[in-house]
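Open the model in your viewer and set it to cartoon. This tour goes stop by stop, with a selection to make at each one.

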Protein chains: 2
Amino acid sequence: MTTVRRAKSSRPGVGREGGLATEVLGFVWRRKAVSRAEIARHTGRSRSTISEVVGRLLPTGLIEEVGSGESRGGRRPILIGFRDRASVILGVDIGAAHVSVALTDLRGRILEWREEDHPVRSDPQGTADLAVRLGEACLAARGNGVPTPMGIGVAVPSPVDPGSPYRILERILPAWHAFDLLGELRDHFQVPVFVDNDANLGALAEHHWGKAVGIDDFAYLKVATGIGAGLMIGGEIYRGATGVAGEIGHVAIDPRGPECVCGNRGCLATFVGTAPLLSRIRALLPQFPQSVLNGAAADIRALEDAALADDPLALKVVDEAARNLGIVIAGVLNLMNPGSVIVGGSLARLGDRLLVPLSEAVASRTLVASAAASRIRTSELGPRATALGAATHVLAAALADPRLFPGVSAS
Amino acid sequence: MTTVRRAKSSRPGVGREGGLATEVLGFVWRRKAVSRAEIARHTGRSRSTISEVVGRLLPTGLIEEVGSGESRGGRRPILIGFRDRASVILGVDIGAAHVSVALTDLRGRILEWREEDHPVRSDPQGTADLAVRLGEACLAARGNGVPTPMGIGVAVPSPVDPGSPYRILERILPAWHAFDLLGELRDHFQVPVFVDNDANLGALAEHHWGKAVGIDDFAYLKVATGIGAGLMIGGEIYRGATGVAGEIGHVAIDPRGPECVCGNRGCLATFVGTAPLLSRIRALLPQFPQSVLNGAAADIRALEDAALADDPLALKVVDEAARNLGIVIAGVLNLMNPGSVIVGGSLARLGDRLLVPLSEAVASRTLVASAAASRIRTSELGPRATALGAATHVLAAALADPRLFPGVSAS
DNA sequence: CCCACTTTGTTCGGCTACCGAACAAAGTGG
DNA sequence: CCACTTTGTTCGGTAGCCGAACAAAGTGGG
């Protein structure tokens, strides 16, 4: 029998591309100030090795020495910190009827914000021009020398095929057929451009900055013009075989329900989303003559405000939406057993007014075991979550492969 | 700007633990006969490196030179093959009312098979003793020197918590509380023991030997005493946060349906599974007096046989079951967008008699885009799939970390 | 204040994995 | 028969990482 030695201490799944430099950079990013010795302990490498890697990383400007820490009984450590200001990222949120752009630093702080309504569905070229204009405005507002972003992330309200991410939107928005939004942005700004579905990027934002920090398996639901879900599995966005994983808008929840544009009956999308919610308000208005929604602006924001003011009509509409969402979430829990479910988008502001009826609907349809394991919560990232997630995508890509950072050479 | 060199050719996700030896071993296993030069080309390493690794692997007995191949215009290559007979594996299938044991080689060929009915639910110790006895019988039957298996895989009809896989079955089978089945097997055979849920292992078997070869994202449904699903995502079994992912038995498909043991109403488990199917036959018998099921043995096998003989009652029961399964599968497609769906277990033998109504139910509940991408098929592995999957689990673990193979040292 | 002991960060020699160049062996086709 | 490929091996070199040793800078007890 041959001898069996111990495995070299290797923590699986820490860095996916590149080597030790990637791992160290990610670790410094997560722990905002950390000594070389501590990096060595946590990565399983020797102090000498870490010292050398840090020495190679310092001149890139991505990390810096930020003073000294407390002694643990010996010499005081020199703390290494991540330079959040080393570069900036543009996050673009293409909605169904608006474009928003965020300029962020490398820790997801939104430095500048621009948004504008636009008929996105019918005007691809105008949308691209608008995105460029808003992006330039964000960069120009930084003053003292217009910075070059390290990359641009784009969120689109449509599935993105992981196989050919550059052909997008065709199925949902016919006017966008063969229009190359990403190419326009890349040509103008001359930096790498990434795309993904808006719900997926919302999930990514929650994972980095929201309620899903530290949770690697969760589902994120987004209610907006339409409804979609972003699935994070093992810390990675899950897209499925053809990129339509999480497209829950057309799950049938009532076989006798109204007809849907997809051809089936009773899809979730016929109950929840901007249009069905507003039409439901109109249908119920006669029964609630004293509702504040009578005569108010017919938009989701008014519905939210009314519900927060405990307007009976608004609460009834929200309650119905919550129960319909609950049916679908119950299916998600039974099938995927996520560690957490986060509800974002339009209705997240409502907090318990949404969660209480939703949780009731879920509890009546799931095993105790899977329901108990999953906490259902509302997002707190607000309406900027999608653009923030788009920027986060660029950051995550760079942390996984630091050669994306400007001025970082391979190693 | 610092120079940016090309990445070292590294194919991500090939070997997960250990180094090049793991990668080479896995490659040789997949391609049954392959030259050193070809390994070098496919792994991106140099011929000299591969030559050295192969040289270290040969004396372990896991691979061997198996003759020479066709010349491609130069010297003829020496083909390297995997020695499927280098060791054997025991796969144990603990069912609800039976125990099956398979002895396999390293390519999933079943060399010996033993099975016996047993009141598994109520008798844990007897079940463990039976598994040991059947396992010993398999080994003894190999003749010329009883071999030592390299490991034992166990399939259990219950979720397995990835956090503490040794505490199992408690929720489903109270009599098994704190009984250590795995410890019994490990103590007796003195080899590593692995466990997983039966549906998960069925999916693993399909991935290696069945209809899912080459497909890394798919769902496997198993109909037996109960009903469960195994989800493969990115080539790995997905267990969810607490190990109950794929427990679809309690998805509610009819809010007005019969009460279920779980406390809800209209769960899939109240419609599909051994007990509900047999009870449905009994309920319909008066309407089908000339059915061959009248007076036949009341088990699933009789139902299958009758359906294959186009017995109207059997076809009606199967049709109903297929439509109920279809509802749940539609949910799986909408949410996970798998590349393929495979139906195994009791009803798989029925082929199109099951698939036609099932596909109809699915088509009426899914978007064209996700339904078109997913092929729904029946398994062909038959009733031995679960035990085979259990053995496959051991093999997969060893291929991912060859130090598990007897006589292989670290490196 | 002194001294034994820690912890940090660096230096340096050495090991291992891998590569590239060179080469012999064994084939191809003209 | 000869020019050219392809395979598999040998051998020197390189890069990444480690361990030992060491100086720097701290701790606490006497």
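Contact here means heavy atoms within 4.5 Å. Keep that cut-off in mind for the packing stops. The model is a predicted one.

**Stop 1: two helices of chain A**

Select residues 124-140 and 181-189 of chain A, which are helix 4 and helix 5. Their axes come within 10 Å and cross at roughly 35 degrees. What is the hand of the crossing where helix 4 of chain A passes helix 5 of chain A? The crossing is right-handed.

Now show side chains. From helix 4 of chain A, pick Q125(A), A128(A), D129(A), A131(A), V132(A), G135(A), E136(A) and L139(A). They meet L181(A), E184(A), L185(A), H188(A) and F189(A) of helix 5 of chain A. Colour this contact by class: 7 residues are nonpolar, 3 polar and 3 charged.

**Stop 2: chain A as a whole**

Zoom out to all of chain A. How many helices and strands does the secondary structure of chain A come to? There are 12 helices and 13 strands. The radius of gyration is 24 Å, close to the 22 Å that the globule rule gives for 411 residues, so chain A is as compact as a globular protein of that length. Along the principal axes, the C-alpha trace of chain A spans about 75 × 55 × 45 Å.

**Stop 3: a sheet in chain A**

Select residues 33-35 and 63-68 of chain A, strands 1 and 2. Add residues 78-82 of chain A, strand 3. These 3 strands form an open sheet in the order 1-3-2, with antiparallel pairing. Strands 1 and 2 of chain A are the edge strands, and each pairs on one side only. On average, neighbouring strands of this sheet are turned by 40 degrees against each other, direction ignored.

Look closer at strands 1 and 3 of chain A. They run antiparallel and are joined by 3 bridges. Which residue of strand 3 of chain A is the bridge partner of S35(A)? The partner is L79(A).

Next, add residues 36-43 of chain A, helix 2. Helix 2 lies across strands 1, 2 and 3 of chain A, and runs at about 85 degrees to strand 1.

**Stop 4: a sheet in chain B**

Move to chain B. Here too 3 strands form an open sheet, in the order 1-3-2 and with antiparallel pairing. Strand 1 (33-35) and strand 2 (63-68) of chain B stand at the edges with a single partner strand each, so one side of each has no neighbour in the sheet. The twist from one strand to the next averages 40 degrees.

Strand 1 of chain B runs antiparallel to strand 3 (residues 78-82) of chain B, and 3 bridges join the two. Label A33(B) and its bridge partner in strand 3 of chain B, G81(B). Then select residues 20-30 of chain B, helix 1, which packs on the sheet and touches strands 1, 2 and 3 of chain B. The direction of helix 1 makes about 90 degrees with that of strand 3 of chain B.

**Stop 5: two helices of chain B**

Finish with residues 312-336 and 352-363 of chain B, helix 9 and helix 10. They pack at an angle of about 45 degrees, with their axes 7 Å apart. The two helices of chain B are therefore oblique to each other. Their crossing is right-handed.

Side chains to show from helix 9 of chain B include L315(B), V318(B), I329(B) and L333(B). Across from them, helix 10 of chain B contributes residues including L354(B), P357(B) and L358(B). The contact divides into 12 nonpolar, 1 polar and 4 charged residues.

Conventions. Residues are numbered from 1 along each chain as its sequence is written. Chains are lettered from A and ligands numbered from 1 in the order in which they are written. This is a predicted model: local features need pLDDT of at least 70, side-chain atom pairs count only at pLDDT 80 or more; totals for chains, interfaces and linings use all residues. Side-chain values use heavy atoms; hydrogens and water are left out. Axes are lines fitted to C-alpha atoms, for helices over the stretch in contact, and angles run from 0 to 180 degrees between N-to-C directions. Helices (H or I, at least four residues) and strands (E, at least two) are DSSP runs, numbered from the N terminus. Angles under 35 degrees count as roughly parallel, over 145 as roughly antiparallel, 65 to 115 as roughly perpendicular and the rest as oblique. A crossing is left-handed if the near helix is turned anticlockwise from the far one by less than a right angle, and right-handed if clockwise. Ala, Val, Leu, Ile, Met, Phe, Trp, Tyr, Cys and Pro count as nonpolar, Asp, Glu, Lys and Arg as charged, and the others, Gly among them, as polar. Two strands pair if DSSP finds at least two bridges between them. The radius of gyration is taken over C-alpha atoms; the globule rule is 2.2 Å times the number of residues to the power 0.38.
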